[in-house]
Amino acid sequence: MGFELDKDDLYEGMKFIVGTWQVDYIVNAFSNDLKHIPAKEWKSEDGRDFSDLTYTFTEDHAIVMKDLGSGKEEHGTWEQTSYGEYHYTLNAFLDLPDSNFLKAAETLSVQDGCIVFSIGFLAIGMKKIAEGTVSEPEKEPDIGDLVPTDDDLKHTDIVGKYEIVKTLGPTADGGFGLITKDEMLTELKKRVAAGEMEEEEIPSEMKLFDMQMWFTEDHKVKTVAKIPDGVSQKEIEAAVAAGHIGELLEGGYYADKGRDWKYVNGSYYYDTGEERELMGKKLSSWDPLVIDADGCIDLHMMVLKKMK
């Protein structure tokens, strides 16, 4: 099963190939050492060599092939077909029958920064001698930059209190994955029986299930924690005054300042607050929120379920 190229792949592929390429070397498949023979050393009967051959690719997917020695020129088109592979057509320039020979000649593979195609038993390697112009793609706005419309603001089905019904923990098969509260307790008791942990440690490991996530009408996602047993009212008030915990609630408190949520582009999203990047490119910190038929939201690290 192949990978589908996305717009970023196609843009990077275009930046790579757009420009002018010149034949740099030839490899004879029948040679013993598959040596790269410099193009200028591979002479035709009339004294011309392969270095006269250039391909110029432009961002409008046009290609011009030129034989500098004869002045012959042919126009065609090109496209990227996969990672590191391109296909082009040039009408009658190659003068090859419509067969596997033509297919190989019209297929360009990226190898060590060169593009390579085949003509019969010869592999032709080309190097880039001039860069072309590639326009910067139009940047799509980040979800965080989108402002909900009046209609978007009417979508409030997500508002409510959610309990944590699954979180990451040890699974019965010895692995690690999303498990329920009962599954977590069972696995922890196994560890106690095996002498891997003390029974007194269980409440600390299970405390995440005592938390809730509240999606509020003011578009915040807030973590609500249970006030630990044995903590006095004076200690609670001191913690609030010091800013260690947030607003007090019935039986609990806001454990954080909350993250933003919004409805835009036909979907719910929330800001994870994470700083993300891929190959030096900054990625959005906003993730989609999908409510399934059971009223659950999968946050990858945990699963929430709306409380009745």
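Which residues have the most contacts inside the largest nonpolar core? In this predicted model, local features need pLDDT of at least 70 and side-chain atom pairs count only at pLDDT 80 or more, while totals for chains, interfaces and linings use all residues. Residues are numbered from 1 along each chain as its sequence is written, and side-chain values use heavy atoms, with hydrogens and water left out.

The largest nonpolar core (a set of buried Ala, Val, Leu, Ile, Met, Phe, Trp, Tyr and Cys residues joined through side-chain atoms within 4.5 Å) has 24 residues, and those with the most contacts inside it are I17, Y55, F57, W78, Y88 and L108. Among the elements that each supply at least two residues of this core are helix 1, strand 4 (62–67) and strand 8 (114–119), where helices (H or I, at least four residues) and strands (E, at least two) are DSSP runs numbered from the N terminus. A second, separate core of 22 residues includes M184, M206, V221 and L304.

Leaving aside residues up to four places away in sequence, W78 touches residues that include M14, I17, F57 and Y88, a contact being heavy atoms within 4.5 Å.

Helix 1 spans residues 7–17, and its buried residues (under 20% relative accessible area, 1.4 Å probe, protein chains only) are D9, Y11, G13, M14 and I17. The N-terminal end of helix 1 is capped by D6, which has a side-chain oxygen 3.0 Å from the backbone nitrogen of D8, and just after this helix G19 takes a positive phi of about 140 degrees.

Two cysteines also count as buried:

| Residue | Relative accessibility |
|---|---|
| C114 | 13% |
| C296 | 13% |

The count of disulfides (pairs of cysteine sulfur atoms within 2.5 Å) comes to zero.

Notes: Buried < 20%, exposed > 50% of the residue type's maximum accessible area, 1.4 Å probe, protein only. Polar contact = N/O pair within 3.5 Å; in protein donor to acceptor, adjacent residues only side chain to side chain.
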